[in-house]
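Here is a friendly walk through a two-chain model, written for someone who likes to think in terms of packing and pairing. Please keep the structure open beside you as you read.

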Amino acid sequence: MTNCRTHRTIEGIWTVESARIIAGVARIIQDVSIAEDLAQDTLAIALEKWPESGIPEKPGAWLMTVAKRLAINLLRRNKLRDQKYEEIGRKMEFKGKTDYDSIDEEINDDLLRLIFTTCHPVLSREARVALTLKLLCGLKTDEIAQAFLVSESTIAQRIVRAKRTLSASKVPFEVPCGLELSRRMSSVLDVIYLMFNEGYSATGGENWIRPTLCSEAIRLGRMLAEILPEEPEVHGLIALMEIQASRFKARIGPSGEPILLQDQNRALWDDLLIHRGYSALKRIEQIGGAYGPYSLQACIAACHAKARTASETDWQEISALYDALSQVAPSPIVELNRAVAISMAYGPAAGLEIVDALEDEPSLKKYHLLPAVRGDLLAKLERNEEACAEFKRAASLTQNEQERALLLKRAADYV
Amino acid sequence: MLFMLIVKASKNSEGGNRPSSELNEAMRKYNEELVKAGVRVAAKGLHPSSNGIRISYPKPGEKPVVTDGPFTETKELIAGFILIDVKSREEAIEWAMRMPDPMGHGEGQIELRQVYEAPELSEMLAKEAELREKSEKRRP
């Protein structure tokens, strides 16, 4: 095998193994920053040895053993040969004899500890996302920088600062339990969904790396669903992401303009992803889980996916789901969406009632979709003058040129 | 990036024989590993070609010829596939290398192929349009 080819093979192996190795080492060393360094050292050793010795039969196990040895050596050197070290050493010896299933279990636990650490609430949201992409998804600093359209040094600093915060706050490398678990769980899910949306909202073409944020988020979610199969919201999040991703091809026009759900060519929706979304929702049913915000949003997405044409959409079902969502996770944006669903199911007057109640909502003061929706409902009720004024107000609030043009055109229609 | 791991057929799979329990177990573990890593999108096994048909168009513009299975060129047939979503070609190769020998008896063969995806398709169409434009310009 040539050197170059071996290096590419190692690259492939590293993509598969790096997160597990960082996680495994972090448990021993109780510090994700040092764990990442040791994982890099391990990779360097492999890059040096394997071209000569050949790729070992179980490369993942080889890497893990070397990495853990480095960790133990470091503990020794740091004269941390205290009780903790002895305990770990003893545990490791036992593990040599255990069967593969329990090793799998252990890797799962380590990965879980890692994601709960990188998504820890002591970190800012940006820091959580950057650190998760670096340590769990194995993205390089420059790749993360490109994905967020910021400089490499900004991301590098963000990551360094995040690691420092984690060690300064003495965040333990563990899976939280009890009440803490559900709070921390929602932070993990939020980070994954934030990652997904960051990639999804990017328009196609201009930046090739942004869609990788979507795939990283989906991959992380799928992984999490296997480690935590009893958590209904994990399946809800996966379902939501899979169904949204199914519209990837249909949501952008030839010149990069966004296409609204009702105008999309449904033949371009990816059935495979839609069905993966349905089966994730089915798993919630199977485990008898409660429907949280992600699950309910996924149900709404599934409802749209089921309609072969926009006119076949079951708006009554969707408004019922929005009713439930506004109970579980009330927010002005959810209310606005609920108003649209209700107007589609029960007529514009019913929707307008909800929209009018939102008029004084401070967080929607500058939100162009509030007057845009109101204008639309007024137009349907043939209150043309008011509709025109609302479209003009919406046009003055939007930052997007294409959207502004569209709103002004609608305003002109009702003069 | 989507890749398809295509498992080629063998005398055994074409004969409709179940794989040995060891192979079954190895495959189960492999599939589990793929799912746990979040990379497996779909996986299916196919019936032997004996209940398949083949439709071919030997004369363009004329009616197709339908041939009933089984088909003889076993090595060219497909016994199943796994669709994986990975970060790079290297990663896809690594996963392919980890699949157990799917057939045994010296007959196992796995083919790894990349699947076209939306952005690539639009790139391809753009390139095509560009080529067309160029060739039209070249004409007097």
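Let us begin with a helix pair: the crossing of α13(A) and α14(A) is left-handed. This is a predicted model, so please read what follows in that light. Helix α13 of chain A covers residues 293–306 and helix α14 of chain A covers residues 315–328; their axes lie 9 Å apart and meet at an angle of about 165°. Because angles over 145 degrees count as roughly antiparallel, that angle makes α13(A) roughly antiparallel to α14(A).

Which residues bring the two helices together? From α13(A) come A:Pro293, A:Leu296, A:Gln297, A:Cys299, A:Ile300 and A:Cys303, and they meet A:Glu317, A:Ile318, A:Leu321, A:Ala324, A:Leu325 and A:Val328 of α14(A). Sorted by class, this contact holds ten nonpolar residues, one polar and one charged.

Turning to chain B, there is an open sheet of four strands with antiparallel pairing, in the order β2-β5-β1-β6. At its edges stand β2 and β6 (110–114) of chain B; each has a single partner strand, so one side of each has no neighbour in the sheet. On average, adjacent strands here are turned by 15° against each other, direction ignored.

The edge strand β2(B) runs antiparallel to β5 (residues 78–85) of chain B, and five bridges join the two. Within β5(B), B:Ile82 is the residue that stands opposite B:Ala43. Helix α2(B) lies across β2 and β5 of chain B, and runs at about 155° to β2(B).

How do the two chains meet? Chain A gives 18 residues to the contact and chain B gives 16 residues. On the chain B side, at least two residues come from each of α2 (21–36), β2 (40–45), α3 (89–98) and α4 (118–138). The largest share of that side, four residues, belongs to α3(B). By class, the chain B side divides into eight nonpolar, two polar and six charged residues.

Finally, UniProt lists a domain for each of these spans, both from unreviewed entries. The table sets the records beside values computed from the model.

| Span | UniProt name (unreviewed entry) | Helix | Strand | Distance between end C-alpha atoms |
|---|---|---|---|---|
| Residues 115–166 of chain A | "domain: RNA polymerase sigma factor 70 region 4 type" | 71% helix | 0% strand | 13 Å |
| Residues 1–116 of chain B | "domain: YCII-related" | 26% helix | 29% strand | 9 Å |

Notes:
Residues are numbered from 1 along each chain as its sequence is written. Chains are lettered from A and ligands numbered from 1 in the order in which they are written. This is a predicted model: local features need pLDDT of at least 70, side-chain atom pairs count only at pLDDT 80 or more; totals for chains, interfaces and linings use all residues. Two residues are in contact if their C-beta atoms, placed from the backbone, lie within 7 Å. Ala, Val, Leu, Ile, Met, Phe, Trp, Tyr, Cys and Pro count as nonpolar, Asp, Glu, Lys and Arg as charged, and the others, Gly among them, as polar. Axes are lines fitted to C-alpha atoms, for helices over the stretch in contact, and angles run from 0 to 180 degrees between N-to-C directions. Angles under 35 degrees count as roughly parallel, over 145 as roughly antiparallel, 65 to 115 as roughly perpendicular and the rest as oblique. A crossing is left-handed if the near helix is turned anticlockwise from the far one by less than a right angle, and right-handed if clockwise. UniProt positions are given in the numbering used here, feature names are shortened, and annotations may be inferred rather than shown by experiment. Two strands pair if DSSP finds at least two bridges between them.
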